[in-house]
There are 2 protein chains.
Amino acid sequence: MSDKGITPREKNYSQWYLDIIERAELAENSSVRGCMVIKPYGYAIWEKIQEGLDRMIKESGAKNVYFPLFIPKSFLSKEASHIKGFAKECAVVTHHRLRDTEDGKGVEVDPESKLEEELIIRPTSETIMYDTFSRWITSWRDLPLKINQWANIVRWEKRTRPFLRTTEFLWQEGHTVHLTHKESKEEVLDRLNMYVEFGRQYLAMDMYFGKKSDSEKFAGAVDTYGVEAMMQDGKALQFGTSHDLGQNFSKVFHIQYADKKGELKYPWQTSWGVSTRMIGALVMTHSDDDGLVLPPSIAPIKVVIVPIFKDSNREKVLRYTKDVYKEVSKKVEDVEIDERDFVSVGFKFNEWEKKGVPIRIEIGEKEMNEGSLVVVRRDTLERKSIKFGNASDEVISLLEQIQNSLYEKSKELLVSKTHRVKNYEEFKELFEKNKGFALAYWCGSEECEENIKYETKATTRCLHREGKSISGECIYCKNKSTEEWIFGKSY
Amino acid sequence: MSDKGITPREKNYSQWYLDIIERAELAENSSVRGCMVIKPYGYAIWEKIQEGLDRMIKESGAKNVYFPLFIPKSFLSKEASHIKGFAKECAVVTHHRLRDTEDGKGVEVDPESKLEEELIIRPTSETIMYDTFSRWITSWRDLPLKINQWANIVRWEKRTRPFLRTTEFLWQEGHTVHLTHKESKEEVLDRLNMYVEFGRQYLAMDMYFGKKSDSEKFAGAVDTYGVEAMMQDGKALQFGTSHDLGQNFSKVFHIQYADKKGELKYPWQTSWGVSTRMIGALVMTHSDDDGLVLPPSIAPIKVVIVPIFKDSNREKVLRYTKDVYKEVSKKVEDVEIDERDFVSVGFKFNEWEKKGVPIRIEIGEKEMNEGSLVVVRRDTLERKSIKFGNASDEVISLLEQIQNSLYEKSKELLVSKTHRVKNYEEFKELFEKNKGFALAYWCGSEECEENIKYETKATTRCLHREGKSISGECIYCKNKSTEEWIFGKSY
């Protein structure tokens, strides 16, 4: 363990992840099983994510709304395959009142407050929304309808890990309704690309994306498209999904519009979402054994200035520090000074490294006399001295370099750990040794997919290439295949 | 009923309110009893409110966080008076799984998934947060702790009305912890003033504010301070509250810090919140029989441009319209053009009036030829022609005038409908005739307060004046009183 209290990745990757979450003060477990508390620093990252993504969502024409937390039980079973995927592990509200216990020391459920129909805490909002859509949509003029919701979601998970899988989590869910399948399919891909763009631009993450297999698709969807990121341990993390719902829901929720001829038609729907899971992906993509590493685009603090002073020069150094702050802040947002005098400079360096602040500026007597400052990059820990007059331009340029370099590193990891395999022996070896993703032909049969999963723990992540020019043998059954898939062990 | 489908206030004030919510497309009932769907236009107002208020909250030093939706049942009963106020009508989660019914046609609660301890959907988050605070706070250096959360809340309400009282609603709740009672009491008042400032600046609403009576205070608080707004029908609407929690919660949740001498002490706490109820207050304060009236500061669309064209001059008028759009947008945000060609101009005017857009710009052949535009104020429906070249400055100035004039109107209503009453006869008459608020001396006894409420339906809203120089007779029992209170019938 480092002096930062972080288990090295090599030693125990899972524990390393948990240590980072704790030491960077992103989140912690609550007294409610499987539910986490998102702490100020973790929530500030979520706000940065929301800010960037919300802008992109609005640019796509979707408008934000808010639908109820509760879903009547009967709604969930309207779409046959939806219920199979979602109704099983969920929080069920059965009563609406507590009463004092007889001994007066506590409270108990009042049996007389039993609900006629149980309410489910939304595991996703298709059903409650589409019930309403059936009243909103009557004419072709009402389409396309594009809405989005930022909300909390509950899925009763047995094994939880902060951000990656929690009983309650935060997400955005977009829902659109279209005149034609062509148009809705375009929307599905546009939003998928939006997530990829967001990942690249803001989170400095490169990712694969494409159609998911039937066994991995959303319950109720015709097709699901996913964005798959690679973590440093070579495992896959599903970053976001975009679903082609076809007319599956419009038919069961009786969403119909009159077309230009006055004929009643069922419209075509999509839904798409990303969640606080992204923060888990972000942590596992860039961080190192010293702690969190954040891309400047979503760092709550981009630059921290640490003055180094003794009692004798305290005032002078702090005055110069404030000059530096003003100079840097001219062009850079989210700059902070760490003026605390009850912890040592070493403690501060450690803390800001653990928290992944992209740039640390150190200022002491020497810098003050020289009119300079020392800048330290969190990602490489490189340090250099720069002139006061160049401070804001240098910092801007360094932030850009860090953002780009993190993205390039992520891209390199993705490429270097993706292996085209020739046969099942190679395939098995790859996953035995946790070398990353495999590119392999697959015939599309569920049987092969299941056997592969059973034997190697690897699953289809998404379709990589397909088409007439693509042809090979299924990695498992050796039948002809025109689809190359990405396989990986997943979180 | 007007041609806008809105019941006049004079005829039925309650129905007028519901009509506005519907016709301005702010919200609608969902299939879940007591829960509303906040529609795009209503949610856009909420986003504007969040944006403005979140900035003020962060300036106060509070940081945003997210705590679990669920509260273990036993937590609620830790603070004796808290449970009395909150545990009674709430949503109780008792199970975590559904299973297929025997006929395979639906789902039912799986009895084997019963939770060991029931979970309550948060009716407010003191208990779940303070359980965590007890681990966050160990030293005097950890104080003050200031956090805030934007979240959904559930209170099982019997009678609901959109925005004013719904089973689920959205709010922000701030929670702070301090070294001294002096400091925490200052925080309580600072946040109270923040809400008043926010109401005045953004919502153009003037309000009373002050300490609430014991019967009206938050369950678990030492003192509650409230902000009370007056609606057009003279009724009071509690706009927000700020609570001095004393050490009531720190003692039962074992929140303790070591002071500079190393002695363990209980800190002092506050909590404060406002909710989507503000939107109800906003609607009822400014709107008229033509629909919603929005203050420019929180209007999702500040200016709507409606081009008036025939087939013959369509292109030319639209080109000029776009020039006007560009000119106005130079200095004004949230400007939109209504280019729809499948509804009439009259329909458009009606629609934007119903939706309360502060300024409508009309552009036709005449304006195009003159290089002018017609601007119409939503609040007064006044119209005037202005020159193209002055457009952005005139619009800015007009938006300011509207904002100020709405505030002045609200202030005037508050003052003109607040009556200092000399005796109980006057007091009763005031409330029989729904003349607004009464200023009256009250001795502070719960008995008088209850009798007044029983006899007149008026309740103490908040303390108006107190102190040595203040002296009078209790409006009910005629005993000596040094406190003048605001009484009102409330929503």
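1. A word on terms first: two strands count as paired here if DSSP finds at least two bridges between them. With that in hand, and keeping in mind that this is a predicted model, have a look at the sheet of chain A that has the strand order 17-16-18-19-20. This sheet is open, has five strands and shows mixed pairing. Strand 17 (335-337) and strand 20 (383-387) of chain A are the edge strands; each has a single partner strand, so one side of each is left without a neighbour in the sheet. From one strand to the next, the twist averages 25°.

2. Within that sheet, a good place to zoom in is the pair made by strand 16 (residues 303-307) and strand 18 (residues 359-363) of chain A. These two run parallel and are joined by five bridges. If you want a residue to start from, V303(A) stands opposite I359(A) in strand 18 of chain A. Helix 12 (residues 391-416) of chain A packs on the sheet, where it touches strand 16, strand 18, strand 19 and strand 20 of chain A. The direction of helix 12 makes about 5° with that of strand 19 of chain A. Helix 9 (residues 314-329) of chain A lies across strand 16, strand 17, strand 18 and strand 19 (372-377) of chain A. Against strand 16 of chain A, helix 9 runs at about 165°.

3. Next, helix 13 (residues 424-432) of chain A. Which of its residues are buried? They are F427(A), L430(A) and F431(A). The three cover an arc of only 90° around the axis, which puts them on the same side of helix 13 of chain A. As general background, an α-helix has 3.6 residues a turn, so residues three or four places apart point the same way. The buried residues of helix 13 pack against strand 21 (418-420), strand 22 (437-441) and helix 14 (446-456) of chain A. On the face turned away from the buried side, helix 13 of chain A carries the exposed residues E425(A) and E432(A). After helix 13 of chain A comes N434(A), which has a positive phi, near 50°; that backbone angle may interest you if you look at torsions.

4. Over in chain B, there is an open sheet of four strands in the order 21-22-26-23, and its pairing is mixed. Its edges are strand 21 (418-420) and strand 23 (459-466) of chain B, each with a single partner strand, so one side of each is left without a neighbour in the sheet. Direction ignored, neighbouring strands of this sheet are turned by 30° against each other on average.

5. Is strand 23 of chain B mostly covered or mostly uncovered? Six of its eight residues are buried, so to speak of strand 23 of chain B as mostly covered is fair, given that a residue is buried if 20 or more other C-beta atoms lie within 10 Å of its own. Strand 23 of chain B pairs with strand 26 (residues 483-488) of chain B in the antiparallel sense, over six bridges. Two of the partners in strand 26 of chain B are I486(B), for C462(B), and G488(B), for T459(B).

6. Now to the contact between the chains. 52 residues of chain A are in contact with 52 residues of chain B. On the side of chain A that touches chain B, strand 5 (residues 89-100) of chain A gives the most, with ten residues. By class, that side of chain A has 30 nonpolar, eleven polar and eleven charged residues. Strand 5 of chain A and strand 5 (residues 89-100) of chain B run antiparallel and are joined by five bridges; H95(A) stands opposite V92(B) in strand 5 of chain B.

7. How are the two copies related? A turn of 180° and a shift of 0.0 Å along the axis lay chain A on chain B with an RMSD of 0.0 Å. The copies are thus related as by a two-fold rotation axis. In chain A, the C-alpha nearest that axis belongs to V93(A), 2.1 Å from it. Of the interface residues of chain A, 100% are also interface residues in chain B, so the copies meet through the same surface.

8. One last residue to click on is A219(A), in the loop between strand 10 (207-211) and strand 11 (223-230) of chain A. A219(A) counts as partly exposed because it has 18 C-beta neighbours inside 10 Å. Its contacts, leaving aside neighbours within four places in sequence, are S81(A), H82(A), K84(A), G85(A) and F86(A).

Note on methods:
Residues are numbered from 1 along each chain as its sequence is written. Chains are lettered from A and ligands numbered from 1 in the order in which they are written. This is a predicted model: local features need pLDDT of at least 70, side-chain atom pairs count only at pLDDT 80 or more; totals for chains, interfaces and linings use all residues. Axes are lines fitted to C-alpha atoms, for helices over the stretch in contact, and angles run from 0 to 180 degrees between N-to-C directions. A residue is buried if 20 or more other C-beta atoms lie within 10 Å of its own, exposed if 12 or fewer, and partly exposed in between; C-beta atoms are placed from the backbone. Two residues are in contact if their C-beta atoms, placed from the backbone, lie within 7 Å. Ala, Val, Leu, Ile, Met, Phe, Trp, Tyr, Cys and Pro count as nonpolar, Asp, Glu, Lys and Arg as charged, and the others, Gly among them, as polar. Copies are superposed by least squares on the C-alpha atoms of residues with pLDDT of at least 70 in both. The arc is that of the directions from the helix axis to the C-beta atoms.
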